[in-house]
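Please walk through this model with the structure open beside the text, beginning with one strand and its neighbours and then turning to the pockets.

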Amino acid sequence: MRHEHIVRAVAFPQGPKPHLVATGGFEKKLRLFDIDRGSEPSSIASSPTGPEGSIGSTSLAYYELGPGVHGGTIKSIVWGADFNLIITAADDKTIRWWDIRTRSPVASVVVEGDLGTCELNTSPKSSTPYRSVLSVAAGKTAYFFDGIAPGQLIKKVKTPHDIASLAFNIEGRKFVVGGASDTWVREYGFDDEKEMQVYKGHHGPVWSTNFSPNGKVYATGSEDGTIKLWKFCEEPYGLWK
């Protein structure tokens, strides 16, 4: 899948055998490639503009969504729970929700500050009102959007610190942020928005934060070349007693 510049983001739809992949990066172009069809017309919505891109000698069909819409590098792509919905986060400080059937955005939100991570957090059996939440780190603010309704902001939490990454534990109603400048990891309560814990240990910006599927552990990845695991439960777990 040849691109003319640096690729910053790729995403597959949810499902056991996805046949599409979305890509984006410095070209400011959101592309959809059909990895099953080769140079044949795409099976979704309408045909791609032409058989371009390659894997080895195999030509792949693709089309671009919203040519010229992104005003900056596409840093993150998230495929929504709805197959027809793709979310992008770009350096123009805008989150966009795209309908792949119309190839156009159905919602957009401008955030405050430089964008960090953009992740879809899911909890299908959650007892809370939200089973799918899109969490976005931008500047000093943590944004939480409804994972189903495009552009619907649940809340935003302003912090005193620049944050590079964000992960939300839906069932526990807590979230974790990784520092962009102070290299620390902080836990917050989602409802009261208060800082609960601060952990030091990294020696560089914390670019990635993610909860385990059971929510009892989260991992942080830093520019210092390390990944650290942090226990997020009261009871003993694994090597933590």
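**A strand between two partners, and two pockets**

In this predicted model, strand E12 and strand E13 (residues 153–158) pair in the antiparallel sense over five bridges, and one residue to look for here is Tyr143, whose bridge partner in E13 is Lys156. The two strands form a hairpin with six residues between them, and in that turn Gly151 has a positive phi of about 75°.

E12 also pairs with strand E11 (residues 132–138), again in the antiparallel sense, over six bridges, with Ser135 having Phe144 of E12 as its bridge partner. E11 and E12 form a hairpin as well, with two residues between them, and Gly139 in the turn has a positive phi of about 60°.

How many of the residues of E12 are buried? Six of the six residues in this strand, 141–146, are buried. In a regular strand the side chains alternate between the two faces of the sheet. In E12 both faces are covered, with Thr141, Tyr143 and Phe145 buried on one side and Ala142, Phe144 and Asp146 buried on the other.

Turning to the pockets, the largest holds about 580 Å³ of space, and among its 24 lining residues Asn121, Thr122, Phe168, Phe211 and Ser212 lie nearest the centre. Strands E10 (115–122), E14 (163–169) and E18 (206–211) each give two or more residues to this lining, which divides into 10 nonpolar, 10 polar and four charged residues.

The second largest pocket has a volume of about 210 Å³, and of its 13 lining residues Lys75, Leu115, Gly116, Ala164 and Trp207 are the closest to its centre. E10 gives the largest share of this lining, three residues.

Conventions: Residues numbered from 1 in each chain as written. Predicted model: local features only at pLDDT ≥ 70, side-chain atom pairs only at ≥ 80, totals over all residues. Heavy atoms only, no water. Buried < 20%, exposed > 50% of the residue type's maximum accessible area, 1.4 Å probe, protein only. Helix = DSSP H or I, 4+ residues; strand = E, 2+ residues; numbered from the N terminus. Pairing = 2+ DSSP bridges. 1 Å grid on protein atoms, 1.4 Å probe; cavity = no way out; pocket = protein on both sides within 12 Å on 5 of 7 lines; lining within 4 Å. Points joined across faces, edges and corners; volume = space filled by probe spheres on them. Nonpolar A, V, L, I, M, F, W, Y, C, P; charged D, E, K, R; others polar.
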